[in-house]
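Here's a quick look at the aromatic side chains in this structure and the company they keep. Have the model open while you read.

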Amino acid sequence: MSQDLRSGLVELTSRLIQFPSVNPPGYTVNIASFIRDWLGNLGFSSEFREYAKDKPNVIAKVGRGRPVLILNGHMDVVPPGDESRWAYSPFSGKVVEGRIYGRGATDMKGGLAVIMMVFTELAPIIEKRGSGTLILSATADEETGGHPGVEALVRDGVLIGDAAIVAEPSGSHRYYIGEKGLCQVKLVTRGRPAHGSLPILGDNAIMRLVRAIGKAEELINEFNRGIKLPSELMDAIRNSAEVYLEAARASGLNLTLSDFERVVGTVSFNPGVVRGGSKINMVPDYAELELDMRVPPGVSPSQVINYLRSGLSGAADVEVLDTSEPNYTSPNESIARLVHEGIERVLGTTPKPIIVTGATDGRYFRARGIPTVVYGPGELAMAHAYNEYVTVDDLFRTHDVMVYVVRRFFGIEG
Ligand SMILES: [Zn+2]
């Protein structure tokens, strides 16, 4: 990568950070126009696709026919929070000692800048080659579910391909091949009201809920003992446990590798909100719990819900709040192998495929059967944090790996 390209990449990242594309509300008009103009100045046309007012997505394509490779990044960022806690203004994009600071530096304007650079560098070669299509997609609304972003674009057939790379912050030495699914439910118990001084006349819904919560935890533990994970994911689950363990050690928590293998590879259990009762001297007749569970690949949220429903029958009602399927791309898929090989060859380190506990837009590609790897600059711990930054070195490393991967994908020599 030439010195000009390197300084261009740093400048582009900094420039993208300067658009406060905060979500909510998640408007992307300004940053999308900038990206369209930036591409236009380099001679590439692009189009806007808008599924929600003022939230355009930008799509650029070069080449023709198959294979089709999609490079994807989202343009929106989470709010900066308390601005007084930032050393530099969150939308300054300030470059200090090898770091670029600002909201979205890691998640994921750094990654967006990388795929924009890679696209414009390799587009002329792909265009000339005549077989194969490279798609660049800068999308909206990832931070609030990606519905008018990647989900709509995949549904409409705009983003359809043989493989996709989502440049979310995996860090240059790792890549994500899968993510857990979501299973959020409400447990509801009902009783009979009475005066608090004569509880035997009533039926206490809170006491029912307390027992139901204990029972639900037992049921999930029981369910977890029967889980069969896809065997090709065992390494990835161990790698993920190592990453989470490292982060936990940094914050002084005394947990072990097997604790984290369990949390990645089984259904997690987190009672998040509890409500019930109206007055201290009354026997409550209603109580509820909002329960957040994350399910590993190989398990469907509906299996967990059915298991809870039958186990809690008569003790509590189970209402579904929100679910999403866990998903992964086999480490043996060619795009996963290419990213693996790219990290190995370009960076000279042994890369680690990982399963993450949260969701990315990658799930929409995978749901459509498109093998998808998440690979981009930054650190998980920096996403959504105060004083968020991305290192210049990580930008260069992921850029170089990405160039290798795209070249190999299209069979370009050199
Ligand atoms: Zn992100």
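## Trp86 and its partner

Start with Trp86: its relative accessibility is 7%, so it counts as buried. Keep in mind that this is a predicted model. Tyr386 comes in at 30% relative accessibility, so that one counts as partly exposed.

Aromatic pairs number seven here. One of them is made by Trp86 and Tyr386, which meet edge-to-face, with 6.4 Å centre to centre and 85° between the planes. This pair links distant parts of the chain. Trp86 belongs to the loop between β3 (68-74) and β4 (95-96), Tyr386 to the loop between β15 (372-374) and β16 (389-391), and the two are 300 residues apart.

## Tyr101 and Tyr389

Now for a tilted pair: Tyr101 and Tyr389 sit 5.6 Å centre to centre, with 55° between the planes. Tyr101 is in strand β5 (residues 99-101) and Tyr389 in strand β16, so this pair ties together parts 288 residues apart in sequence.

Are Tyr101 and Tyr389 buried or exposed? Both are buried. They also share one aromatic cluster with Tyr88.

## Charges over rings

Which ring does the charged end of Arg99 sit over? That would be the ring of Tyr389, with the charged end 3.9 Å from the ring centre. So Tyr389 pairs with Tyr101 and also has the charged end of Arg99 over its ring, by the rule that a charge over a ring lies within 6 Å of the ring centre and within 35 degrees of the ring normal.

Arg6 does something similar with Phe396: the charged end of Arg6 sits over that ring, 4.6 Å from its centre.

Note on methods. Residues are numbered from 1 along each chain as its sequence is written. This is a predicted model: local features need pLDDT of at least 70, side-chain atom pairs count only at pLDDT 80 or more; totals for chains, interfaces and linings use all residues. Side-chain values use heavy atoms; hydrogens and water are left out. Rings of Phe, Tyr and Trp (its six-membered ring) pair if their centres lie within 6.5 Å; planes under 30 degrees apart count as stacked, over 60 as edge-to-face and the rest as tilted. Helices (H or I, at least four residues) and strands (E, at least two) are DSSP runs, numbered from the N terminus. Buried means under 20% relative accessible area, exposed over 50%, partly exposed in between (1.4 Å probe, protein chains only).
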